[in-house]
Amino acid sequence: MLQEEKLVFECETGNYHTFCPISCVSWLYQKIEDSFFLVIGTKTCGYFLQNALGVMIFAEPRYAMAELEESDISAKLNDYKELKRLCLQIKQDRNPSVIVWIGTCTTEIIKMDLEGMAPRLESEIGIPIVVARANGLDYAFTQGEDTVLAAMAQKCPEYISDEKMKTNKIESKTPNLNNHEELKKHPNLVLFGSLPSTVATSLSLELKRQGIEISGWLPSQRYGDLPMLGEGVYVCAVNPFLSRTATTLMRRRKCKLISAPFPIGPDGTRAWVEKICNTFNIIPQGLIEREEQIFKSQQMQDYLDLIRGKSVFFTGDNLLEISLARFLIKCGMIVYEIGIPYMDKRFQGAELTLLEKTCKEKNIPMPRIVEKPDNYYQMQRIRELQPDLVITGMAHANPLEARGITTKWSVEFTFAQIHGFANARDILELVTRPLRRNESLKALGITSAVYNHNFSEI
Amino acid sequence: MKLAYWMYAGPAHIGTLRVASSFKNVHAIMHAPLGDDYFNVMRSMLERERDFTPVTASIVDRHVLARGSQEKVVENITRKDKEEQPDLILLTPTCTSSILQEDLKNFVDRAALESVSDVILADVNHYRVNELQAADRTLEQIVRFYLEKAKKNASNSIKEKTERPSANILGMFTLGFHNQHDCKEIKRLLNDLGITVNEIIPEGCSVLNLQNLPKAWFNIVPYREIGLMSAIYLEKEYNMPYIATTPMGIVDTAAFIREIAQIITAQMVEEKENIYKTFENYIERQTKYVSQAAWFSRSIDCQNLTGKKAFVFGDATHAASMTKILAREMGIRVVCAGTYCKHDADWFREQVLGFCDEVLISEDHTQVGDIIARLEPAAIFGTQMERHVGKRLDIPCGVISAPIHIQNFPLGYRPFLGYEGTNQISDLVYNSFSLGMEDHLLEIFGGHDTKEVITKALSTDSDLTWAPDGLSELNKIPGFVRGKIKRNTEKYARQQKIHKITVEVMYAAKEAVDA
């Protein structure tokens with residue numbers, strides 16, 4: 001099964017566990033400081049949010065549910081008036097710079113026309129409204145961010161190139177007028193994908209070393225600072241789940257997409273920077289050394305010794321799987337299966353090529369890539385393969401551990417800082433944690449006593 | 001539409017799934033979009049379950065919307081039937097399937113033809129009932145289904161009661177607040193009284209055993225929220241009496257035991273007098289020697305709690321019992337008792353009548369928080385939400401009811417019911433209030449944190465300044481009342497249009513408040 005020469009793609013039933021895409025509000029409201037996220041859905045959505053996001057709910061978050069009641073469903077109440085009432089209340093209490101409406105399964109099914117109502121309400125209450133349909137009918141987990149960013153891309157100001165400005169005789173009012181000359185070296189570059197600000201800064205610095213200035217991020221720290229987009233602007237993604245945003249940027253905003261592997265792991269980061277440099281005809285400096293240096297560092301070596309030759313199985317739930325698998329293979333691990341909710345072969349093309357290349361370089365069999373996996377069948381395969389590590393959701397982690405299979409929660413990779421050269425150790429810290437736990441418990445000799453379950457009981 | 005940040009009781013399907021996954025070898029299939037199977041995470045995490053949660057989703061996606069989900073649902077049911085061979089497959093509707101208005105009943109009937117397992121559709125409406133009501137209904141539905149099934153198969157011995165007195169315990173289930181410990185404690189209590197446990201449902205029970213339910217002499221429903229409907233059904237159909245008194249606290253545990261005595265003596269021919277006597281002896285012995293709660297209430301330490309103000313909030317069962325325990329067993333003044341079980345509001349009011357100053361029925365956690373802030377109790381007994389309110393207001397809080405976190409699923413033995421339960425509750429109450437002697441010493445020596453700078457305040461107004469002498473005086477006040485005195489003083493200063501608060505202002509404020 002593992003002797004494949006090329007990557008194998010399969011598609012199963014889609015009966016798998018993942019988070020609802022509305023979970024994206026949890027990190028996006030923190031990223032966009034002056035935003036307010038209103039999830040228009042039912043108690044089910046609310047229950048998920050309050051339980052999945054744990055204690056964050058107690059810090060007076062800038063998100064809330066517009067909980068639909070029976071009268072809303074049966075259209076006894078007027079959607080527009082109801083939303084207006086709630087949005088005015090939000091305006092009064094929080095005064096945000098933007099309100100993001102998150103459409104859910106329910107608004108889809110009852111066909112609530114959020115996109116139609118938003119512009120009207122926007123002009124009435126004087127706050128921009130962004131509509132994103134992050135529902136479980138269409139999307140999984142991190143794809144929620146994709147829908148929000150795709151909607152936000154439409155709200156970015158229009159970029160007018162210098163030539164156009166000259167022909168239109170418009171006075172240039174760009175704030176970057178002073179270092180205009182410097183910028184002239186390469187076209188505008190906008191990165192998209194929400195990252196903690198420290199990670200965003202470190203990636204910007206990485207590009208700056210190569211003489212590349214970023215003209216903006218989507219999303220920005222504040223809604224008012226959204227980058228200018230338009231013809232002649234280059235865009236590049238930092239996360240593998242942003243295919244919809246990429247499409248919107250290309251088709252609707254006429255930007256040029258730089259298709260690169262994602263800056264996850266030192267190998268990914270290097271490839272990402274190289275690709276951007278190539279696009280701008282810049283010869284990258286010192287990247288190879290930098291990657292080597294990271295892999296050679298003592299702390300990395302300690303982790304690498306732990307994982308070399310060990311096998312991994314991704315059940316798949318957050319779309320980071322291809323990039324993580326590629327990095328772990330680079331680290332000397334063997335990947336049996338990469339489960340993934342949705343596979344955009346075009347958007348992830350460069351990443352897939354790098355994965356293939358890495359497998360060949362390491363001389364290990366190509367992993368199976370299983371789109372829309374079936375968790376039940378996966379558990380059967382895990383039982384057969386007995387991998388050293390299963391990266392999976394919380395629903396399966398404890399039961400697998402009770403059957404002697406070591407697990408790591410996949411959700412942690414979404415919330416941890418995993419981008420750039422500096423965070424490679426953080427990824428391995430996560431990956432090795434269960435392995436190190438096993439080491440330290442081994443001495444206790446209690447592990448076998450804990451497992452009174454036979455794996456055949458699945 | 002309702003603007004909501006947080007809710008006390010979850011959606012209906014959670015209640016159904018909690019019941020289904022508590023039974024042995026029952027599989028629930030949710031008719032839901034991707035991501036709605038969050039229940040599996042909760043069960044696996046909070047209960048630290050070693051087994052896979054027997055819940056799968058029959059995913060509703062775009063294709064389903066276009067084509068209808070009959071094929072898929074039927075296929076998923078028959079597939080599970082083959083894979084897991086459960087005794088029962090329960091199709092669970094969600095908010096999404098509620099509005100799709102497909103004929104799920106029809107799907108179930110079709111799937112039942114092809115399956116070895118029994119297949120039923122949970123009869124709950126997402127928009128009408130909450131998690132707790134749904135759990136109650138689902139339990140009753142399953143009980144009814146299997147008893148009616150047994151009736152059809154004439155080969156039953158249903159009507160025969162067990163030889164010795166026996167009881168069913170209804171309503172112990174997964175993700176319940178300390179349910180496992182409570183269950184153990186009730187079993188112990190029954191065992192002490194010479195009563196055998198016939199069946200415990202749904203936790204750990206096989207649906208095939210449900211036909212044995214009528215063999216018991218009576219039913220016990222420890223919690224209001226789940227089991228009552230089943231008990232009422234069993235009473236109606238099989239003439240089984242039930243006890244709905246929650247054996248929480250010394251007084252109610254005694255009442256619970258006396259009810260048992262009444263029920264079993266009514267069904268006995270001989271040794272009636274004997275039963276009463278043994279039971280009374282048991283109550284006395286337990287109250288005096290096993291439970292420390294009665295002695296604790298009498299002990300000198302508990303004296304310091306007399307008249308202290310407490311706020312109680314939770315589900316109907318726990319909030320009502322806790323209110324009664326605080327008021328009549330410990331002499332604590334309950335300034336407000338409340339519940340989020342709106343559907344059970346009348347019962348709750350009746351229970352706490354005379355034991356508290358105010359009754360609050362609300363599902364809105366901000367309203368609850370505001371009332372706590374206004375009443376400024378010395379301690380709160382509530383859910384995890386009230387614990388966080390307490391943290392913010394610097395008021396200690398003991399958690400007595402769901403919704404709860406992983407820390408409320410302790411590994412150690414912590415029942416709330418029965419005589420061991422009374423000990424646990426005493427500890428909880430005592431530890432929640434500032435310790436009596438410590439309080440006293442703090443007051444005498446002016447607190448041990450006099451270096452603390454007071455900047456923490458709930459009010460955001462900054463039109464007031466504290467003079468150094470006022471501030472140092474404020475620092476002498478024990479921590480647990482400092483915030484309150486600060487607020488009162490500032491309120492007074494604002495009324496009097498004073499901008500700088502000195503010692504004099506403080507004492508003037510104190511007099512004004514006292515007067």
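This briefing walks through the contact between chain A and chain B, then turns to one serine of chain A. The model is a predicted one. Chain A brings 73 residues to the contact and chain B brings 52 residues. Together the two chains bury about 5400 Å² between them, with 60% of that area on carbon and sulfur atoms.

**Polar and charged links across the interface**
- The rule finds five salt bridges across the interface of chain A and chain B.
- In a salt bridge, the side chain of A:Asp138 meets that of B:Arg62, at 2.6 Å from N to O.
- There are also 19 residue pairs in polar contact across this interface, both residues being at pLDDT 80 or more.

**What chain A offers to chain B**
- Elements of chain A that give two or more residues to the side touching chain B include β2 (35–41), α2 (43–52), β3 (63–67) and α4 (79–94), as well as α17 (375–385) and α18 (394–402).
- By residue class, that side of chain A divides into 40 nonpolar, 18 polar and 15 charged residues.

**A strand pairing between the chains**
- β3(A) is joined by three bridges to strand β1 (residues 2–4) of chain B, and the two run antiparallel.
- Within β1(B), B:Lys2 stands opposite A:Glu67.

**A closer look at A:Ser23**
- You will find A:Ser23 in the loop between β1 (8–11) and α1 (24–31) of chain A.
- A:Ser23 counts as buried because its relative accessible area is 1%, where the cut-off is under 20%.
- A polar atom of the A:Ser23 side chain lies 2.7 Å from the backbone oxygen of A:Cys20.
- Leaving aside residues up to four places away in sequence, A:Ser23 touches A:Phe48, A:Leu49 and A:Phe141.

Technical notes
Residues numbered from 1 in each chain as written. Chains lettered and ligands numbered in written order. Predicted model: local features only at pLDDT ≥ 70, side-chain atom pairs only at ≥ 80, totals over all residues. Heavy atoms only, no water. Contact = heavy atoms within 4.5 Å. Buried area = accessible area lost by both parts, 1.4 Å probe. Salt bridge = Lys/Arg side-chain N within 4 Å of Asp/Glu carboxyl O. Polar contact = N/O pair within 3.5 Å; in protein donor to acceptor, adjacent residues only side chain to side chain. Helix = DSSP H or I, 4+ residues; strand = E, 2+ residues; numbered from the N terminus. Nonpolar A, V, L, I, M, F, W, Y, C, P; charged D, E, K, R; others polar. Pairing = 2+ DSSP bridges. Buried < 20%, exposed > 50% of the residue type's maximum accessible area, 1.4 Å probe, protein only.
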